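Open the model in your viewer with the sequence panel beside it, and keep a selection box ready. The stops below are meant to be taken in order.

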Amino acid sequence: MSTALIHDIITLCNQGWRPYTGTVLLDVYRQLQCVSLADVLESDTTQSSLLPVSSPKRRTSRKKYIPYWFYRADTYLCMGCARRCSLVRPVGFQLPLPLRYVTTGLEYTLSPQEMVSKLCQLTAGQAAYCLNISKPQVYHWIREGKLTRSKGNPLRIPVAAVRALLSDIDQ
């Protein structure tokens, strides 16, 4: 894989394109007159043969390419050769399954130190994040008097109270 192809794939992914891992009917390549898969298309005369994209038939020649399909909404793009064939709502593709994104569990983009230095008041969740405790523990410390809260709703905790507890923890 060339560095230009890698750059193109990274650009596509940044633009919201996703790798297509399903199977494609060989008839799709026949309609596109794909020169990259010419020997596969000639050897297989059946119309309904499937070519799995994730493990395509490998070539012995370095000048032959394999299909790398990407999709966004109903548009499919082949990155297998320089032609960059594009299809809208094509027939012959399996429907892609929805992607499940893994969450990292990090809810905040600021570190606890940045949060304490840049903000005036914190929510219970932010205070829990800064103090490395659970949200229910924050409420428990408010009831006990370890943490103070501002009057009114919604519940806000002054940063000074969180700083005081942080300094107690550091000592």
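Select D74 first: with a relative accessible area of 29%, D74 is partly exposed, a class that lies between buried (under 20% relative accessible area) and exposed (over 50%), computed with a 1.4 Å probe on protein chains only. Add R89, which is exposed at a relative accessible area of 63%, and display both side chains, for D74 and R89 form a salt bridge whose closest N and O atoms are 2.9 Å apart. The term salt bridge stands here for a side-chain nitrogen of Lys or Arg within 4 Å of a carboxyl oxygen of Asp or Glu. The pair links distant parts of the chain, with D74 in the loop between β4 (69-72) and β5 and R89 in the loop between β6 and α4 (112-118), 15 residues apart. Helices (H or I, at least four residues) and strands (E, at least two) are DSSP runs numbered from the N terminus.

Before moving on, note that this is a predicted model, in which local features need pLDDT of at least 70 and side-chain atom pairs count only at pLDDT 80 or more, while totals for chains, interfaces and linings use all residues. Residues are numbered from 1 along each chain as its sequence is written, and side-chain values use heavy atoms, with hydrogens and water left out.

Colour the chain by pLDDT, the predictor's confidence in each residue on a scale from 0 to 100. The protein chain averages a pLDDT of 80, and 78% of the residues score at least 70. Residues 54-62 stay under 50, and the model gives this stretch 14 contacts beyond four places in sequence, a contact being heavy atoms within 4.5 Å. Where pLDDT is low, the predicted coordinates should not be read in detail.

How many salt bridges does a search of the whole structure find? The search finds 2, and the one still to be visited joins the side chains of R84 and D8, at 3.1 Å from N to O. This pair, too, links distant parts of the chain, since R84 sits in the loop between β5 (75-78) and β6 (86-88) and D8 in helix α1 (residues 3-14), 76 residues apart. R84 is partly exposed at 27% relative accessible area, and D8 is likewise partly exposed at 29%. While R84 is selected, check its backbone, where phi is near 50°, a positive value in a residue other than glycine. Most residues other than glycine have a negative phi, and most peptide bonds are trans.

Next, select helix α5 (residues 124-131), which is largely enclosed by the rest of the structure because 7 of its 8 residues are buried. Among these buried residues are A124, G125, C130 and L131. Just after α5 comes N132, with a positive phi of about 60°. N132 lies in the loop between α5 and α6 and is exposed, with a relative accessible area of 71%.

From α5, move to L165 in helix α7 (residues 159-170). Is L165 buried or exposed? L165 is buried, with a relative accessible area of 11%. Leaving out residues up to four places away in sequence, L165 touches L131, W141, K146 and L147. A distance drawn between the C-alpha atoms of L165 and C130, which are 35 residues apart along the chain, should read 10.0 Å.

Now select the loop between α6 (135-144) and β8 (157-158), where S150 lies. S150 is buried at a relative accessible area of 16%, and beyond four places in sequence S150 touches Q121, R156 and P158. R156 lies in the loop between α6 and β8, is partly exposed at 28% relative accessible area, and, apart from neighbours within four places in sequence, is in contact with Q121, L122, T123, R149 and S150. The C-alpha atoms of R156 and G125, 31 residues apart along the chain, are separated by 9.9 Å. The loop between α6 and β8 also holds P154, and the peptide bond from N153 to P154 is cis, with omega near -5°.

To finish, show the whole protein chain, which has 7 helices and 8 strands. Of its 171 residues, 35% count as buried.
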